[in-house]
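Trainee: Could you walk me through this structure and tell me how each label is earned?
Mentor: Sure, ask away.

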Amino acid sequence: MKTGGTVSLRDLVSEAEVILRSGNCSCSEDPRREATTLLEAAVGATRVDILVRPDLTADAEGVARYMEMIDRRSKGVPLQLLVGKTGFHDIVLRVERGVFIPRPETEVLVELALGAIRERLSSSTEPIRVLDLCTGTGAVAIAVAASVRDSTDSRVSIHAGDLNSRAVRLARTNAQESEVADLVEVRRSDLFSAFKDLLGTVDVLTANPPYIDPKERDTLPPEVKNADPTEALFDPAGGTGFHQRIAEQAREFLQPGGWLLFEIGEAQGPEVRDQLEMLGFVDAEVLPDFAERNRIVRARWMGQE
């Protein structure tokens, strides 16, 4: 970026807005915001610069870089991948192709986990263990850790796992950059396989497993089906197979009174709730996300009768 160029940043944003408005993905929903976000990433200008400094211009290299990003976004490349990061809860996470990109609705899972942690802290003097499966970028585990980091009570430890080795590496990097690596331990694990040492000790178990029926692939937005890894999206069993598998094994890992928290597809609540009740969980309920869509199921494990 320089002030002696020939293309103003305002003109660039306006041109990009037109392109994004006609794009074939969610970029058309708020094209001005996305155009500004990508300009920040491409040339280093801030939103304030763009708003209050009409004299700012970009050189040819910056313009080319920016317009390439706009073109890729208009064709369905996720905004998060183009800028290399995304905000989630109260943290910022690195994202990269090959690892599931966290979405805002999953922040409800964080809030419910924090509520369960507070409940356990108030009712017990023992250490509190949280286990997050299918962790991806580490979003849930790291957001929980960031929220409890400044607490005067240091009894909370957080464990996270994912089968994708790229996800494990990225989650560890995100934990370090969010300054919670001392609280979050990340393991490569096929669900519970690497966590046998936690049998019977987990207070809060969270999971955002694959829950899309492969038959629904063609109905997904292009930035989902063409960018997120298929193994993080699709359940070969039709949608709730992973929920069933996790719930069955969770009974061995949760302490009496511990909570299991799932993200689900919007129409899967009754089925997952019934699965949990049939397995002996109690207080099972379906809960909405911030957009009032049923996206979370939680239940408590009280132990074998």
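What follows is a chat about the labels used for this chain.

Mentor: First, some ground rules: this is a predicted model, where local features need pLDDT of at least 70 and side-chain atom pairs count only at pLDDT 80 or more, while totals for chains, interfaces and linings use all residues. Residues are numbered from 1 along each chain as its sequence is written, and side-chain values use heavy atoms, with hydrogens and water left out.

Trainee: What makes up the secondary structure of the protein chain?
Mentor: Twelve helices and eleven strands. Both are DSSP runs numbered from the N terminus: helices are H or I with at least four residues, strands are E with at least two.

Trainee: How do you know that the radius of gyration agrees with a compact globule?
Mentor: The rule, taken over C-alpha atoms, is 2.2 Å times the number of residues to the power 0.38. For 305 residues a compact globule would come out near 19 Å, and the protein chain has 21 Å, so the value agrees. The C-alpha trace spans about 75 × 45 × 35 Å along its principal axes.

Trainee: How much of the protein chain counts as buried?
Mentor: 53% of the 305 residues. Buried means under 20% relative accessible area, exposed means over 50%, and partly exposed is in between (1.4 Å probe, protein chains only).

Trainee: What makes Arg65 and Glu61 a salt bridge?
Mentor: The term asks for a side-chain nitrogen of Lys or Arg within 4 Å of a carboxyl oxygen of Asp or Glu. In this pair the closest N and O atoms are 3.6 Å apart, and that earns the name. Both residues sit in helix 4 (residues 60–74), four residues apart, about one turn of the helix. Arg65 has 35% relative accessible area, so the label is partly exposed, whereas Glu61 is at 58% and therefore counts as exposed.

Trainee: Why are Arg73 and Glu223 called buried?
Mentor: Arg73 has a relative accessible area of 2% and Glu223 has 8%, so both fall under the 20% cut-off. Their side chains meet in a salt bridge too, at 3.5 Å from N to O. That pair links distant parts of the chain, with Arg73 in helix 4 and Glu223 in helix 9 (residues 222–225), 150 residues apart. Asp30, Arg33 and Glu34 join Arg73 and Glu223 in a network of salt bridges.

Trainee: How many salt bridges does the structure hold?
Mentor: There are 22. Another one is Glu285 with Arg298, where the closest N and O atoms are 2.8 Å apart. Glu285 lies in strand 10 (residues 282–288) and Arg298 in strand 11 (residues 294–301), so the pair ties together parts 13 residues apart in sequence. Glu285 at 29% and Arg298 at 23% are each partly exposed.

Trainee: What makes Glu179 stand out, given that it is not a glycine?
Mentor: Most residues other than glycine have a negative phi. Glu179 has a positive phi of about 60°, and this residue is found in the loop between helix 8 (165–177) and strand 7 (184–188). Leu191 also has a positive phi, of about 55°, without being a glycine. Leu191 is in the loop between strand 7 and strand 8 (202–207).

Trainee: Is each one buried or exposed, Glu179 and Leu191?
Mentor: Glu179 has 62% relative accessibility, so Glu179 counts as exposed. Leu191 has 7%, so Leu191 is buried.
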